[in-house]
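Please work through the exercises below with the sequence and the structure in view. Each one sets a task and is followed by a solution in steps.

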Amino acid sequence: MKSVIKIKENRDFRRAYAKGKALVSPYAVVYVLKNRFGSIRLGITTGKKIGNAVKRNRAKRVIRAAFEPIVPHIDEGYDFVIVARTRILNVKSQVVSKAIYELLRSADLCEEL
C-alpha cells in the first residue's frame, strides 16, 4: 500500500507552482513535480475565491476523497499540488477523481485502473 505524505511547507508549494507541470481540469489544477523522496506527496490549496471556510474545507475533503482511490496506480516519486476551482463545490468526489485520473493518465504518471 502506497502512502501519501502531506505537503505543508510553503517552499514546497512555491516550487511546485514555479517548476511543476500544470494539468488543468474544470474542477482543479494539478501541479506535478518530481521529488527526491521516492514517495507520493500531496498538497491541497483552496483560495478565498472558492467561498467561506465551510466551502473551502468541503473542497479540500472532496479532493482528498478523489485522490485516495487513484494513489495505488500513481508512480511514486512525485509531488502533487492540487488547487481547487469553483466548480468543485457542485460535484461529488467520484467526478473529481475521474477528472484527476484522466489528467494523470494523459501525463503518463498513472497506470490503468
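**Exercise 1: From a hairpin to the sheet**

S2 and S3 form a hairpin with three residues between them, where strands are DSSP runs of E with at least two residues and helices are DSSP runs of H or I with at least four, both numbered from the N terminus. The model is a predicted one, in which local features need pLDDT of at least 70 and side-chain atom pairs count only at pLDDT 80 or more, while totals for chains, interfaces and linings use all residues. Residues are numbered from 1 along each chain as its sequence is written, and side-chain values use heavy atoms, with hydrogens and water left out.

Task: find the pairing of S2 and S3, and then work out the order of the strands in the sheet.

Step 1. S2 and S3 pair in the antiparallel sense over four bridges, and two strands count as paired if DSSP finds at least two bridges between them. Within this pairing, Val24 stands opposite Val29 in S3.

Step 2. On to the next neighbour: S3 and S5 are joined in the antiparallel sense over seven bridges, with Val30 opposite Ile82 in S5.

Step 3. S1 and strand S4 (residues 40-45) pair in the parallel sense over three bridges, and Lys6 has Leu42 in S4 as its bridge partner.

Step 4. Put together, the five strands make an open sheet of mixed pairing, in the order S1-S4-S5-S3-S2. Its edge strands, each pairing on one side only, are strand S1 (4-6) and strand S2 (21-24).

**Exercise 2: The nonpolar cores**

Task: which residues of the largest nonpolar core touch the most other members, and which elements give two or more residues to this core?

Step 1. A nonpolar core is a set of buried Ala, Val, Leu, Ile, Met, Phe, Trp, Tyr and Cys residues joined through side-chain atoms within 4.5 Å. Here buried means under 20% relative accessible area, exposed means over 50%, and partly exposed lies in between, with a 1.4 Å probe and protein chains only.

Step 2. The largest core has 31 residues, and Phe80 and Leu104 touch the most other members. Two or more residues come from each of strand S3 (28-34), S4, helix H2 (53-67), strand S5 (78-84) and H3, and H3 gives the most, with six residues.

Step 3. Apart from this core lies another, of six residues, among them Ile7, Val29, Tyr31 and Val81.

Step 4. Leu104, leaving aside neighbours within four places in sequence, is in contact (heavy atoms within 4.5 Å) with Leu23, Val32, Ile70, Ile74, Phe80, Leu109 and Cys110. Phe80 counts as buried because its relative accessibility is 0%, and S3 is mostly covered, with six of its seven residues buried. As a general background, nonpolar side chains in soluble globular proteins tend to be buried together.

**Exercise 3: Around the ring of Tyr78**

Task: how many aromatic pairs are there, and what sits over the ring of Tyr78?

Step 1. Rings of Phe, Tyr and Trp (its six-membered ring) pair if their centres lie within 6.5 Å, and planes under 30 degrees apart count as stacked, over 60 as edge-to-face and the rest as tilted. By this rule there are three aromatic pairs. The pair of Tyr78 and Phe80 is tilted, because the ring centres are 6.4 Å apart and the planes stand at 45°.

Step 2. Ring pairs link Phe67, Tyr78 and Phe80 into a cluster, and Tyr78 is buried because its relative accessible area is 17%.

Step 3. The charged end of Lys34 sits over the ring of Tyr78, 4.6 Å from its centre; the rule asks for NZ of Lys or CZ of Arg within 6 Å of the ring centre and within 35 degrees of the ring normal.

**Exercise 4: Two charged residues compared**

Task: are Arg41 and Glu76 buried or partly exposed, and which residues does each one touch?

Step 1. Arg41 is found in strand S4 and counts as buried, because its relative accessibility is 9%. Not counting residues up to four places away in sequence, Arg41 touches Ile5, Ile7, Asp12, Asn35, Tyr78, Asp79 and Phe80.

Step 2. Glu76 lies in the loop between H2 and S5 and is partly exposed, with a relative accessible area of 41%. With residues up to four places away in sequence again left out, Glu76 touches Lys2, Gly38 and Ile40.
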